[in-house]
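Here is an informal tour of one chain, going from a few helices out to the overall fold. Keep the structure open while you read.

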Amino acid sequence: MVSGSPTDNSLDSVEQLDTHNKMERGLSNRHVQFIAIGGTIGTGLFLGSGKSIALTGPSIVLVYIVVGLVMFILMRAIGELMYNDPSQHTFINFITKYVGKGWGYFAQWSYWIVLVLIGMTELTAVSKYFVEFFRTYNIDLSSWKWLIEIAFLAVLVLINLIAVKAFGEAEFWFAMIKITLIIGMIVTAIVMLIIHYRYPAVSIRTTNSVISSPAGEVSLANIFRGFSIAPHGWYNFAIAFPMVFFAYQLIEFVGVTVSETKNPRPVLKKATNQIIYRILIFYVGALIAIMTIVPWRNFVPDKTGEFVSPFIMVFKYAGIDWAAALVFFVVITAASSSLNSLLFSAGRHLYQVANESRQGSVLRFFSLEQVSGHKVPARAILMSGLFILLSPAVSLFPAVTQAFTWFSSASSAVIIGIYILTVIAHWKYRRSADFSADGFLMPAYKIFDALAIAFFILIYISLFMAADTVWLAVGGLVWFTVFGVWSHFRVRRMQERHTASL
């Protein structure tokens, strides 16, 4: 029901809501808190922040704060929905309930496809990092990329199949490694700042060339000297927003863990509220530390347009010669964390779609609606893993690779639409009879929901501004139009069949 005035309904107990929840609540508060951190910190911070710093200089901090605040609004909307019904396996279900079955069907399948495509991209990135790292030691693993990808994915699938607690433990340690590097880098910057550390010129090897960085001194003046909001023009400042937005992508992952969490309501509330602090510490704090050490004008591309990781530059300046190995290890960890989470989420979403599919469907033929003896959707996880495993095969065919690149890029635009649908679902929930004043309420929801929707639309529009993202935006529109219309048509046809059978 999405009409009528809100009521003061009290919240149903978790035991009542869990009547049809076949999953095990094996995730503890510790697991969920670190899963939330892992979802907040991706490989984009370790590898892509150099390019974003080069685009806007110190004002990139403002971009990260603005985008982070909007993503926090999204998380508060998801948090309120999941708090109301913590037995749901995915926040996408609320789109079905409050926006419509057609949009729900579209969002469920689109989100699963997006997760699989991102998973394929992450798996490809893992083998690329391995090959590039060992190449610096004159060890060529390029012919073994496919085996690296298969072995890597197999390990993560097994972790997901064991039990939800095993997944939680893996994410805990993945997140711990990322946190340790970021805090270590921030502490290094503080110490170097206090002692007025001066560093010599360094040469940093990239994949295809060498970047020479001049000598300098660690100082806050590196940030504020010649400060300008848009030092390279307002166009570059504008296109930094979608770049930063995609760095935050999948922050919503904590909204998929609630149905398998002990004491879900207090844990969800704490994890959601702390996201804003994590953004300030791990993104803003890291960027300020980086630019205190490395003058932002020193971030330049090599001959192929590639930017070196700011973390490698920082540790090189600190005299740590094995910085590349350290950052490589953490990037592999970040990719592992991302892929591990993608498998978890993709499995739950496919399981949910299978649960809602009709008898005799392909999904039910493979029993994807069933859970294993370990109370995980094992078949749905395996099926998602098999699709991600197409990545090594895709790389063997140049024509298919090109189509895959286009399709996976378009999927990034689609997730913006899913975020918009999620916020609309929250707005309609607040106006429905299901609304509970005892819930985890977002204050001034009308203002913040409208602000978030407007921001996501602006992010999508900004994709048309850059040559390398315009086709991404066009692909997203094609996806919305074709698959959106087909989803609504299919749901309507199923409803007509159901009516006719009565």
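A residue counts as buried here when its relative accessible area is under 20%, and as exposed when that figure is over 50%. Bear in mind that this is a predicted model.

With that cut-off in hand, take helix 7, where Ile148, Glu149, Phe152, Leu153, Leu156, Val157, Ile159, Asn160 and Leu161 are buried. That list includes Glu149 and Asn160 alongside residues such as Phe152 and Leu153. A general point helps when reading such a list: an α-helix has 3.6 residues a turn, so residues three or four places apart point the same way.

How do the helix lengths hold up? Three helices can be set side by side, each with its end-to-end C-alpha distance and the span expected at 1.5 Å a residue.

| Helix | Residues | Number of residues | C-alpha end to end | Expected span |
|---|---|---|---|---|
| Helix 4 | 60-84 | 25 residues | 36 Å | 36 Å |
| Helix 7 | 145-162 | 18 residues | 26 Å | 26 Å |
| Helix 10 | 234-247 | 14 residues | 20 Å | 20 Å |

Helix 4 is mostly covered, with 21 of its 25 residues buried. In helix 10 the buried residues are Asn236, Phe237, Ile239, Ala240, Phe241, Pro242, Val244, Phe245 and Ala247.

Stay at the end of helix 10 for a moment and turn to the rings. The count of aromatic pairs comes to 31. One of them joins Phe245 and Phe246: the ring centres are 5.2 Å apart and the planes stand at 70°, so this pair is edge-to-face. Which of the two is buried, and which is partly exposed? Phe245 is the buried one, with a relative accessible area of 0%, whereas Phe246 is partly exposed at 23%.

Elsewhere, ring pairs link Trp103, Tyr105, Phe106, Phe480, Phe483 and Trp486 into a cluster. Rings also take part in two charge-over-ring arrangements worth a look. Arg30 lies over the face of Phe172, 4.6 Å from the ring centre. Arg265 puts its charged end over the ring of Tyr83, at 5.6 Å from the centre.

Now follow the chain past helix 10, into the loop that leads to helix 11 (264-273). Leu250 sits in this loop and has a positive phi near 80°, although it is a residue other than glycine. Leu250 is buried, at 14% relative accessible area. Asn263 belongs to the loop between helix 10 and helix 11 too, and it has a positive phi of about 45° without being a glycine. Is Asn263 buried or exposed? At 57% relative accessibility, Asn263 counts as exposed.

On to the interior. The largest nonpolar core has 172 residues, and Ile60, Phe311 and Phe456 are the ones that touch the most other members. Helix 6 (residues 101-135) supplies the largest share of this core, 17 residues. What does Phe311 touch, once residues up to four places away in sequence are set aside? The answer is Leu45, Phe46, Leu181, Ile182, Met185, Ile290 and Val327.

Met185 turns up again next to Ala289, a residue of helix 12 (residues 275-293). Beyond its neighbours within four places in sequence, Ala289 is in contact with Met185, Ile186 and Ala189. Ala289 and Ala189 are 100 residues apart in sequence, yet their C-alpha atoms are 5.5 Å apart in space. Ala289 is buried, at 5% relative accessibility.

Thr422 makes a nice polar counterpart in helix 18 (residues 398-430). At 1% relative accessibility it counts as buried. Leaving aside neighbours within four places in sequence, Thr422 is in contact with Leu74, Ile78, Leu81, Phe91 and Ile95.

Finally, zoom out. The protein has 20 helices and 4 strands. Its radius of gyration is 23 Å, close to the 23 Å that the globule rule gives for 502 residues, so it is as compact as a globular protein of that length. Along the principal axes, the C-alpha atoms fill a box of roughly 80 × 50 × 40 Å. Of the 502 residues, 57% count as buried. Among contacts with a separation of 6 or more, 81% are between residues 24 or more positions apart.

Technical notes. Residues are numbered from 1 along each chain as its sequence is written. This is a predicted model: local features need pLDDT of at least 70, side-chain atom pairs count only at pLDDT 80 or more; totals for chains, interfaces and linings use all residues. Side-chain values use heavy atoms; hydrogens and water are left out. Helices (H or I, at least four residues) and strands (E, at least two) are DSSP runs, numbered from the N terminus. The expected span of a helix is 1.5 Å times one less than its number of residues. Buried means under 20% relative accessible area, exposed over 50%, partly exposed in between (1.4 Å probe, protein chains only). Rings of Phe, Tyr and Trp (its six-membered ring) pair if their centres lie within 6.5 Å; planes under 30 degrees apart count as stacked, over 60 as edge-to-face and the rest as tilted. A charge sits over a ring if NZ of Lys or CZ of Arg is within 6 Å of the ring centre and within 35 degrees of the ring normal. Contact means heavy atoms within 4.5 Å. A nonpolar core is a set of buried Ala, Val, Leu, Ile, Met, Phe, Trp, Tyr and Cys residues joined through side-chain atoms within 4.5 Å. The radius of gyration is taken over C-alpha atoms; the globule rule is 2.2 Å times the number of residues to the power 0.38.
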